[in-house]
Amino acid sequence: MNKHIKRSWAEPYKMKMVELLKMTTSAQRKKALQQAGYNTFLLRSEDVYIDLLTDSGTSAMSDRQWAGMMMGDEAYAGSWNFYHLEEVVKNIYGYKYVIPTHQGRGAENILSKILIKKGDVIPGNMYFTTTRLHQELAGGRFEDIIIDEAHDPDNEFPFKGNADLNKLQRLIKKKGAKKIPYISIATSVNMAGGQPISMKNLKELRVLTQKHGIRIIHDMTRVAENAYFIQQREKGYQNKSVKEIVKEICSYTDGATMSAKKDALVNIGGFLAVNDWDVFEEARNMVVVYEGLHTYGGLAGRDMEAMAIGIGESISDDHIRARVGQVIYLGEKMLDLGIPIVKPIGGHGVFVNAKGFLPHIPQNDFPAQTLAAEIYLDSGVRTMERGIVSAGRKSNGENYYPKLELVRFTIPRRVYTQAHMDVIAESAGRVYEHCEKIKGLKMVYEPKYLRFFQARFEKLN
Ligand SMILES: Cc1ncc(COP(=O)(O)O)c(C=O)c1O
C-alpha cells in the first residue's frame, strides 16, 4: 500500500463492460515467442494474457469519453471538437496555442524541425527514444543533463527526474546559449523508471534558462503522474490539488509535446502546445504537411473529443491516486519477493533491474530483452525492454550502453485488477527462482530506426 496515504488506493470507477482474454499454454507461448523473434513487440496481442507492453493508448476510456466519441464533428475544417480540445488545453495546462497531432511523435517531429538547426545541442532530463531521434533527424544532438542519481536503480532520491543545473551550466558555457534551441524537460521521466522532477528544480531551471534566453519544452506525456508525486513528496504542495500542480508545472515551460495516449486516457492522439506566436504560426503551417489541417492534425473529430474529456479526467486527484496506487501495489509485491526493481517505484510502471536480476548475462547479450521474453514464457504477461536495445546506436554506429538495463512492467490505466497485479508479481517471482539458468540472446535482425520495435533475436546456447 502507498505509505503516504491511510486509505487503500481503490479505483474511483466500476466496470460496465469487459474484454475477454485468451489464456495460453506454455507450449503455445514458446511457439509464439519464437515466431516473434524473442521481441515482445512482435507478439500478436491475442497470445498475451496481461499486456504490460506499454501504457500508451492502452487505457480504458470512461463512459463519458465514449459518449464524446458519438459526438464527433467530422468536418474537415473547424470541427467543434477541436475548439473544445483547444479550450481544455488552455484552461487546464495554460498553454496559449494548440495544434493537434496524431500522437506524441507527430508533435516532436514538427517542433524539432522548427526549432533545431544543424549542430545544435538539446539538453534534457534523460533521452526518450522518439524524442531524441527527431532531434537527431533535425540535425541536433541530445545531451543528458539528468542528475546522476537517475542512473542508479537503487538510489531512493524522491525526484530522480531532476535536471542537474551544474551540467546544464557547463554545457551552456561550452557550447554557448545560441547553440541550445531549448531544453527538453520530461515530467515523470519514462526511461528513468517513471521518476518525477520537483517543482523546485523546475523553478530553478526556469530562472537559469531565462537568464540565457533558452526555451524549456515540456514532454508532458505523464504530467499528472508527476504532479501527484509532487503533492505526495514536495514541501508546500500537500494541500494543492493535482490540477493546480499540473498548471504550475506547465507555467514554468514555454511549450509542450503531448502523447495523449498516456495521461490523457485516449487510445490515439496528441498535440503540440506553445506560448510563442511565431513558433505556433510555423507549426500551424507545417502540420498540414505531416499530419493534416491544423484543426484536426491527423485525428478524427471524435478522437479530439475523447481527448478533451480524458484530459479533464486525468487531473482528478482520486483518479491519479488510484492509478499510481496500483503501480505501487505491484512494485511493493515485487520488493517483498526480493526482485530488484528501480526505486522509488515509478508512476506508470514497475521497472525491473535486469542487471540485478540476471547478473551473469552481459549487456551485449541483452539481459532485459531476455527477461521480458522469459516473463512472457512463464505466464503470458507481456512486458518490454528498456535497456541497450531501446537505447540504439549513436550516429557513428556505436551502440549506446545505458547504465539502466530495465524491463518495464507498464500498467495501462483503468484496465487491470488487483488480482492481475498479484499474478504478475507471482510470475516475476517464479522466473527469479531459476534466474541463474537463463541464457541471453543474440540480435539477428536490426532495423535502422528505433530498433527495439522490430528487432529479432535468437536464443544463445
Ligand atoms: C515520454 C514520452 N515521450 C514521447 C512519447 C511518444 O509518444 P507517441 O508514442 O504518442 O508518439 C512517449 C511514448 O511512448 C513517451 O513515453
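Reader: Let's start with arginine 206: is this residue buried or exposed?
Author: Happy to, keeping in mind that the model is predicted. Arginine 206 has a relative accessible area of 9%. The cut-off for the lowest class is under 20%, so with 9% arginine 206 counts as buried.

Reader: Which residue does arginine 206 meet in a salt bridge, and how far apart in sequence are the two?
Author: The partner is aspartate 254, with 3.1 Å from N to O. Aspartate 254 sits in the loop between helix H9 (242-251) and strand S7 (255-259), while arginine 206 belongs to helix H7 (residues 199-212). The pair therefore links distant parts of the chain, and aspartate 254, at 22% relative accessibility, counts as partly exposed. The separation in sequence is 48 residues.

Reader: What does the salt bridge of aspartate 55 with arginine 222 tie together?
Author: Good one to look at: the closest N and O atoms of these two side chains are 2.8 Å apart. Aspartate 55 lies in the loop between strand S1 (50-51) and helix H2 (63-69), and arginine 222 in the loop between strand S6 (215-219) and helix H8 (223-233), so the bridge ties together parts that are 167 residues apart in sequence.

Reader: Are aspartate 55 and arginine 222 buried or exposed?
Author: Here the two partners agree, as the class applies to both aspartate 55 and arginine 222. That class is buried.

Reader: Where in the chain is arginine 393, the partner of glutamate 446?
Author: Glutamate 446 and arginine 393 meet in a salt bridge of 2.8 Å, N to O. Glutamate 446 is in the loop between strand S13 (441-445) and strand S14 (456-459), 53 residues from its partner in sequence. Arginine 393 is in the loop between helix H15 (388-391) and strand S12 (406-410).

Reader: How much area do domain 1 and domain 2 bury between them?
Author: First, the bounds: domain 1 covers 2-55 + 317-459, and domain 2 covers 63-314. Their contact takes 35 residues from domain 1 and 44 residues from domain 2. Carbon and sulfur atoms carry 55% of the buried area, whose total is about 3100 Å².

Reader: Which element gives the largest share of the side of domain 1 that touches domain 2?
Author: Across this interface there are 18 residue pairs in polar contact. The elements giving two or more residues to the domain 1 side are helix H12 (317-336), strand S9 (349-353), H15 and S12. The largest share, six residues, comes from H12.

Note on methods: Residues numbered from 1 in each chain as written. Predicted model: local features only at pLDDT ≥ 70, side-chain atom pairs only at ≥ 80, totals over all residues. Heavy atoms only, no water. Salt bridge = Lys/Arg side-chain N within 4 Å of Asp/Glu carboxyl O. Helix = DSSP H or I, 4+ residues; strand = E, 2+ residues; numbered from the N terminus. Buried < 20%, exposed > 50% of the residue type's maximum accessible area, 1.4 Å probe, protein only. Domains from an automatic or database assignment. Contact = heavy atoms within 4.5 Å. Buried area = accessible area lost by both parts, 1.4 Å probe. Polar contact = N/O pair within 3.5 Å; in protein donor to acceptor, adjacent residues only side chain to side chain.
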